[in-house]
Each structure stands twice: as structure tokens, then as C-alpha cells.
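Visitor: Please give me a close look at one stretch near the start of this chain, and explain step by step how its neighbourhood fits into the whole. I am in my first year, so please tell me what each term means as you go.

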Amino acid sequence: MSKLPPVLRNLPLPVIASPMFIISTPKLVIEQCKAGIVGSMPALNARPASQLDEWLHEIEEGLAAHNRAHPDRPAAPYAINQIVHKSNDRLEHDMEAVVRRKVPIIITSLGARPDVNDAIHSYGGVVLHDVINNSFAHKAVEKGADGLIAVAAGAGGHAGVKSPFALVQEIREWFDGPIALSGAIANGGAILAAQAMGADFAYIGSAFIATVEARASDAYKQAIVEGTSDDIVYSSLFTGVHGNYLKSSIRASGLDPDHLPESDPSKMSFGGGEGSKKAWKDIWGSGQGIGAVKEVVHVAELVTRLKREYAEARSRLSLPVPTPA
């Protein structure tokens, strides 16, 4: 049995919405939390940097208003993603804001730092760290992470290459803290499957791009609706680290998605510079699970669908186990 911190217990649906560069804003986060899942956004989405504190206040006020109006179904907690890579020259500023606001959950990516973890722990916050393999998982926990986000093959954006079965199995052999699984999860059956493998939560991003509240272009949302796993390409060209992207957006930028060159790893860009912005604004990230997304809907409607499918999957698996003849 996993040891979950109080803030992650008793969610109506075991889902954490992944923070999406450019796309996730307070509007999306608030609706995700109101629907009963952990909503999240990258700190870097607030521009200029001074806007971050305003956005954190907006989220807190929005969730507090919901809780006053609906004491019987309080909102889920929210999370802020911090890019710990050295290219993020805003990290110190943004950390001051999240500590001042006592953000309940911090998702750290592209590096694990004890000083960042200590700052979050100073007020009782919880740190979840992105990992793509078991070795990185060990390092993250050794440096103070409370939980892990296992980013398996098929995830949108900077994805790993490990099968979710192998990745969760290896981590769960030694780690009894919270694990969220990321990688092509876009329906309720996949949420239950993540739990069956040993994860506590499904980590879902791409399905939320095709929601009314997401800050994505109509063309991007429609590409998610029309796309399947065949429309995804895995490439390191755009940021220096391999990630999954929609082929249609690559073609629209004048490139052949089936014949992309490798990038120079020394030119990695994660901190929101021009290269980074082009990668996510013009070259659209997406996971392989988008075949389950059939239309653009409100967040509440998407989460309602996930809850229904999750319940149906649980019901199917409640059948008696066959006994050998």
C-alpha cells in the first residue's frame, strides 16, 4: 500500500493533470480542481514573471469560492511545475512566489535539487518529480522528492522510452511513496490500468488540450480531436531532448516529420526562450493516447467521462475470478 500525503488522499478520481507549457493557465487549473482532479500549470506560463503571484492568488480565490459554495464536494488541490534545469533563469523568483503562497504541490522537472525540495518542505508542501527511468527515480528520492511521476513511452512532450509496465514495476520494488504514471492515458480504463500496475494516479495532459478552457489554438485542439497515435513523432530536434509532437504541426512549419535530423544536445532550451516557445507554440506536443479524444469539450465534461469510464472498468473487473478446471 502506498504512503500518500494527506493532500493527495481521497480524490474523487485518481488523476493529476499534467502542466502544459503555454496551454495551462489559472482558468484550466481551477476547472480541473473543481472537477475533482489535481490541476496544474508551469510557473513559466505566467509572463511577465510578476504575473505568477497574481495567478496563484486567482487560483486560490477561485478554489476558495468553489469550496464555500459546494462544501459537500470541495475542490482538489493544485500544483505548480518548476523547471529546475539551469536554463530557467526565473527559478529563484518563482520559488519565492510559491513558498510565499504555500503552494500545496510542486512538480519538479529536468533536474532534482535538494534546496528546492527543502524550500517546499519548509511549509509542508509536497514535491513530485518527473522521471523517465529507475535510475533517475532513485536520485530524485535521495534528493528529497516525496513522490514520482513516471513518464513512460507515449507521453506528450518530453517523454521517456520505457514501457509503463517495466517503469512502474522497477520503481515500485523499492519505493512506497506516491507514483503518478504518464503516457498515453486518455480514458477511464487506462486510469484503472495505471493503478493495477502499481501507480497511485494517472497523469493526463493531451486530452485536456482539447477542452474549452485550455489556452490552445482552435487548430491545435482540432488536431488533437482528429489525431491518433499514428500522427505522433518522437524527436529531439526542437528542444534538445526527445519528445512527442503532432506531425501536422511539423509539416506546417515546413519540415518533414518522417525525416527529422537529430538536434545538438548542448543547445537544450527549457526555460521559455525563443527556441522553447517555438517548440510548444508552433510545434505542438501531444501524447499517443489522443485516439480517445473525439471532440472539444469543457473540462467538467471530460472529467465526467473519465469518471464514468473508470467506474465501468472497475465494474468489469469485479467479475468472479475463473477457477481452474
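Guide: Let us begin with N10, which lies in the segment before β1, where helices (H or I, at least four residues) and strands (E, at least two) are DSSP runs, numbered from the N terminus. Please keep in mind that this is a predicted model, in which local features need pLDDT of at least 70 and side-chain atom pairs count only at pLDDT 80 or more, whereas totals for chains, interfaces and linings use all residues. Residues are numbered from 1 along each chain as its sequence is written, and side-chain values use heavy atoms, with hydrogens and water left out.

The phi of N10 is near 65°, a positive value in a residue other than glycine. In general, most residues other than glycine have a negative phi, and most peptide bonds are trans. N10 counts as exposed, at 76% relative accessibility; here exposed means over 50% relative accessible area, buried means under 20%, and partly exposed is in between, with a 1.4 Å probe and protein chains only.

Further along, T25 is found in the loop between β1 and α1, and T25 is buried, because its relative accessible area is 8%. If we leave aside its neighbours within four places in sequence, T25 is in contact with M41, W55 and R215, where contact means heavy atoms within 4.5 Å.

The loop leads to helix α1, which takes in residues 26-34 and in which P26, L28, V29, I30, Q32 and C33 are buried. The cover over these buried residues includes β1 (15-17), β2 (39-42), α2 (51-69), β3 (78-83), α8 (206-209) and α12 (299-316). Just after α1, the residue G36 takes a positive phi of about 105°.

Let us follow two of those covering elements a little way. In the loop between β2 and α2 we find P48, and the peptide bond from R47 to P48 is cis, with omega near 5°.

Strand β3, for its part, holds N81, which counts as buried because its relative accessibility is 6%. Again leaving aside neighbours within four places in sequence, N81 is in contact with P19, M41, P42, A43, I107, T108 and S109. N81 can also be set beside V127, since the two are 46 residues apart in sequence and 9.7 Å apart in space, C-alpha to C-alpha.

The pairing of β3 brings us to β4: the two strands pair in the parallel sense over 5 bridges, and two strands are said to pair if DSSP finds at least two bridges between them. Within this pairing, I80 stands opposite I106 in β4. Both faces of β4 are covered, with I105, I107 and S109 buried on one side and I106 and T108 buried on the other. L110 sits in the loop between β4 (105-109) and α4 (114-121), and L110 has a phi near 60°, a positive value in a residue other than glycine. With 31% relative accessibility, L110 counts as partly exposed.

Elsewhere in the chain, strand β6 (residues 147-151) is joined to β7 by 4 bridges, and these strands run parallel, with L148 standing opposite I179 in β7. Strand β7 (residues 179-182) is covered on both faces, since I179 and L181 on one side and A180 and S182 on the other are all buried.

Now we can step back to the whole chain, whose secondary structure comes to 12 helices and 10 strands. The radius of gyration of the chain is 19 Å, close to the 20 Å that the globule rule gives for 325 residues, so the chain is as compact as a globular protein of that length; this radius is taken over C-alpha atoms, and the rule is 2.2 Å times the number of residues to the power 0.38. The C-alpha trace spans about 60 × 45 × 40 Å along its principal axes. Of the 325 residues, 53% count as buried, and among the contacts in the chain with a separation of 6 or more, residues 24 or more positions apart account for 65%.
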